[in-house]
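This report introduces a protein structure to a reader who has not met it before. The sequence and the structure come first, and the account of selected sites follows.

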Amino acid sequence: MKTEDAIQQLGRRIKPDSRITVLTGAGVSAASGVPTFRGPDGLWKNHPPEQLATPEAFRRDPRLVWEWYNWRRERIRGCQPNAAHLTLAAWSRRFPEFRLITQNVDGLHEKAGTENVIRFHGSIWEVLCWDRCAGSPPRWWDETVPFPMVPPKCPHCGGLLRPGVVWFGEGIDPDVLERSAAALNCDLFFSVGTSAVVYPAAGLASQARRHGAYTIEVNVEGTPASNLLDLSVQAPAEEVLPALDLLLQSKF
Ligand code: BV8
Ligand code: ZN
């Protein structure tokens, strides 16, 4: 289906009181200059993310893993939210029960003004003590860029700090899982800018569909989710979301 027709169809389906849930991935931040994971700029020094974003990699070489996160924090710090983030922030104020679940750790949804973001994989701007020492909080915000010493040390025990993100093989925060499950009760579920290969995040759209939601994918390429959802729009998020928003504003 042509993008324009898909937008018209969504314009007819969305009502002022529609309950909307959106899941985003790295593709929503691509236009802001944040490297995606599996795109052409997905490798860092020839290491695929799956090899670096793990507790085993950190245990083996905390310096290498922190060099990657230090580099990403420096890259992300200069990035601004794009039209996709801004449209979602506007929807979060306009639609009742709007929920945003993001796999991204870059903080750009919050920077765009979306509140109560459900951070499925944590935040690159949070840190915690690797040994979870008694003197340290569960996690805290630290925007130091770049860290003068890598790997950075825990100020409470002198041990290692780790990034406040969910690595492969680590469980999703139970509170985040609970909020995400509640968000599946919606009228429309958008999956935006994700390759839909990382679980359990990749299973959310199909679960929402089983709960009766009308499910839409907005992604520049097809994904394993494309044929499972009700509508697949293969176009950039920073074009589709603002175009849909313009149509909705002319309606109500
Ligand atoms: C868990 C944080 C269990 C860190 C990340 C075999 C089969 C199935 C599952 C598994 C398996 N083996 C292992 C698993 C489980 C594993 C998994 O799913 N692996 C995959 C690779 C097979 N999952 C886990 O380990 C999860 N935990 O299962 O725990 C457990 C349970 C209880 C107790 C203990 C353990 C944890 C996964 C979390 C990993 N952490 N990130 C960090 O960021 O450093 S994942 C990482 O991938 C990012 O978070 C990212 O968000 C996520 C998904 O990637 P995407 O966001 O989709 O980005 P990607 O580049 O892939 O795609 C971007 C898309 O956008 C592309 O399609 C592109 O075409 C499109 N695009 C580009 N530009 C645009 C665009 N679209 C629109 N507009 C544009 N302009
Ligand atoms: Zn400590």
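D245 is found in helix α9. In this predicted model, D245 has a relative accessibility of 8%. Because residues under 20% relative accessible area are classed as buried, D245 counts as buried. Leaving out residues up to four places away in sequence, D245 touches T87, W91 and R94.

Helix α9, which spans residues 237-251, also has a part in the largest pocket: α9 and α4 (62-77) each contribute at least two residues to the lining. The space in this pocket amounts to about 840 Å³. Its lining comprises 44 residues, and those closest to the centre of the pocket are G25, A26, F37, R38 and S195.

A further residue to consider is S18, located in the loop that runs between α1 (3-13) and β1 (20-24). S18 has a relative accessibility of 4% and is therefore counted as buried. A polar atom of the S18 side chain lies 2.7 Å from the backbone nitrogen of K15. When neighbours within four places in sequence are set aside, the residues in contact with S18 are R13, F95, P96, D187 and L188.

The zinc ion (ligand 2) is held by a set of cysteine donors. Its protein donors are the SG atoms of C129, C133, C154 and C157, at 2.3 to 2.4 Å from the ion. The angles among the four donor atoms are 104 to 113°, and the site is tetrahedral. Along the sequence, the donor residues follow the spacing C-x3-C-x20-C-x2-C. Two of these donors, C129 and C157, link distant parts of the chain, being 28 residues apart. C129 belongs to strand β4 (residues 122-129), while C157 sits in the loop between β5 (140-141) and β6 (161-165).

How buried or exposed are C129 and C157? C129 is buried, at a relative accessible area of 1%, whereas C157 is partly exposed, at 40%. The two residues fall into these classes because buried means under 20% relative accessible area and exposed means over 50%, with partly exposed in between.

The table below gathers the accessibility values of the residues discussed.

| Residue | Relative accessibility | Class |
|---|---|---|
| D245 | 8% | buried |
| S18 | 4% | buried |
| C129 | 1% | buried |
| C157 | 40% | partly exposed |

Note on methods
Residues numbered from 1 in each chain as written. Chains lettered and ligands numbered in written order. Predicted model: local features only at pLDDT ≥ 70, side-chain atom pairs only at ≥ 80, totals over all residues. Heavy atoms only, no water. Donors = N, O, S within 2.8 Å, 3.2 Å for Na, K, Ca; no water. Tetrahedral: all angles 85-135°; square planar, octahedral: opposite > 155°, others 65-115°. Helix = DSSP H or I, 4+ residues; strand = E, 2+ residues; numbered from the N terminus. Buried < 20%, exposed > 50% of the residue type's maximum accessible area, 1.4 Å probe, protein only. Polar contact = N/O pair within 3.5 Å; in protein donor to acceptor, adjacent residues only side chain to side chain. Contact = heavy atoms within 4.5 Å. 1 Å grid on protein atoms, 1.4 Å probe; cavity = no way out; pocket = protein on both sides within 12 Å on 5 of 7 lines; lining within 4 Å. Points joined across faces, edges and corners; volume = space filled by probe spheres on them.
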